[in-house]
Amino acid sequence: MQPASEMPQEHVLVSFDADAVGAMPGQFLASRTGGGREGVWRVEQVERAPSGTQAVVQTDADRTSYRFPLLVYDQFRVRDVDVSVAFQAVSGRVDQAAGLVWRLQNANNYYVVRANAKEDNVVLYKVENGERSDLQVKGRRGNTYGVDVDVPDSGWSTLRVTARGSLFEVYLNGRKLFEVEDSTFGDPGWVGLWTKADSVTRFDDLRIANLDVEEGAGQ
């Protein structure tokens with residue numbers, strides 16, 4: 001696994017420390033792919049959170065398997081992006097998942113990379129018309145279902161993806177895991193957070209670098 005390059009200095013940092021405890025964080029909208037209950041996202045005080053003393057948590061432990069709560073940063077849409085987030089798996093019998101979403105058109109059409117602390121793997125999917133399918137790891141034959149890697153079920157980890165055109169690079173805890181190429185969604189979209197089923201997951205230190213601006217592509 002290769003060391004990660006530095007994120008661009010010009011990026012948005014969301015720390016959740018300015019948000020009211022117990023409430024939805026500002027600048028976000030909640031949504032859901034699939035069935036089951038809507039996700040419940042709220043800001044909580046968390047000792048030694050990466051960016052300070054607060055984090056956002058998806059707290060509803062509905063065990064519906066095909067249920068993907070979304071927390072969407074609705075301040076701008078972007079095509080090419082470098083985005084990372086710190087996450088902590090708290091609980092989940094069905095799953096313990098943390099994901100990053102980009103090029104989100106709506107709750108049924110987007111890309112997502114997720115780390116799973118129960119399965120110890122990281123997988124990149126597309127969700128098209130509400131159907132989730134994993135995308136093949138570039139350069140690998142045979143089993144192409146993401147990468148098996150230790151995803152801690154305690155403490156904080158960092159998940160990151162860079163998206164430039166049809167090429168996506170995935171990182172966990174500062175190491176590059178794999179690349180995927182796909183051109184299903186080429187238009188700008190929103191960035192967000194994602195969980196699955198009964199995953200109770202904390203997120204903090206969300207960083208979003210707009211590479212459209214860096215590359216002069218426009219929004």
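Are Y111 and F185 buried or exposed? I looked this up before anything else, and both residues are buried. The model I am working from is predicted.

**Entry 1: overall form**

I began with the secondary structure, where I find one helix and 17 strands. The radius of gyration comes to 16 Å, close to the 17 Å that the globule rule gives for 219 residues, so I note the protein as being as compact as a globular protein of that length. I then took the extent of the C-alpha trace along its principal axes, which is about 40 × 40 × 35 Å.

For burial, I find that 52% of the 219 residues count as buried. The exposed surface amounts to about 9500 Å², and 42% of that is supplied by carbon and sulfur atoms. I also looked at contacts between residues at least 6 apart in sequence, and 70% of them join residues at least 24 apart.

For charge, I list 24 positive and 32 negative side chains. The centres of the two sets lie 4 Å apart.

**Entry 2: aromatic pairs**

I searched the whole structure for ring pairs and got eleven aromatic pairs. I took up Y111 and F185: their ring centres are 5.2 Å apart and their planes stand at 80°, and since over 60 degrees counts as edge-to-face, I enter the pair as edge-to-face. The pair links distant parts of the chain, with the two positions 74 residues apart in sequence. Y111 belongs to strand β9, residues 109-116, while F185 sits in the loop between β15 (175-181) and β16 (189-194).

I also noted a cluster, in which ring pairs link F16, F28, Y73 and F76.

**Entry 3: surroundings of Y111**

I went back to Y111 for its own values. Its relative accessible area is 0%, so I record Y111 as buried. Which residues is Y111 in contact with, leaving aside its neighbours within four places in sequence? I find L100, V101, W102 and R103, then Y125, K126, L135 and F168, and finally D182, S183, T184 and F185. The aromatic partner F185 is thus one of these contacts. I also checked V101 by distance: V101 and Y111 are ten residues apart in sequence, and their C-alpha atoms are 5.6 Å apart.

**Entry 4: positive phi at R103 and N129**

R103, which is among the contacts of Y111, has a positive phi of about 50° although it is not a glycine. I place R103 in strand β8, residues 97-106. Its relative accessible area is 1%, so R103 is buried.

N129 is another residue other than glycine with a positive phi, near 55°. Where is N129 found? I locate N129 in the loop between β10 (121-128) and β11 (131-134). N129 has 62% relative accessibility and so counts as exposed. Not counting residues up to four places away in sequence, N129 touches N108 and N109. I also took the C-alpha distance from N129 to T33, which is 9.8 Å across 96 residues of sequence.

**Entry 5: E44 and S51**

I looked up E44 and found it in strand β4, residues 41-49. Not counting residues up to four places away in sequence, E44 touches V21, T53, Q54, A55, V57, T59 and R202. The C-alpha atoms of E44 and D17 are separated by 9.3 Å, with the residues 27 apart along the chain.

S51 is in the loop between β4 and β5 (52-58). How is S51 classed by accessibility: buried, exposed or partly exposed? Its relative accessible area is 23%, so I enter S51 as partly exposed. Leaving aside neighbours within four places in sequence, I find S51 in contact with L13, S15, D17, D204 and D205. The C-alpha separation between S51 and V14 is 8.7 Å, and the two are 37 residues apart along the chain.

How values were computed: Residues are numbered from 1 along each chain as its sequence is written. Side-chain values use heavy atoms; hydrogens and water are left out. Helices (H or I, at least four residues) and strands (E, at least two) are DSSP runs, numbered from the N terminus. The radius of gyration is taken over C-alpha atoms; the globule rule is 2.2 Å times the number of residues to the power 0.38. Buried means under 20% relative accessible area, exposed over 50%, partly exposed in between (1.4 Å probe, protein chains only). Contact means heavy atoms within 4.5 Å. Accessible areas come from the Shrake-Rupley method with a 1.4 Å probe; for residues, only the protein chains shown count as cover. Lys and Arg count as positive and Asp and Glu as negative; His and the chain ends are not counted. The place of a charge is taken as NZ of Lys, CZ of Arg, CG of Asp or CD of Glu. Rings of Phe, Tyr and Trp (its six-membered ring) pair if their centres lie within 6.5 Å; planes under 30 degrees apart count as stacked, over 60 as edge-to-face and the rest as tilted.
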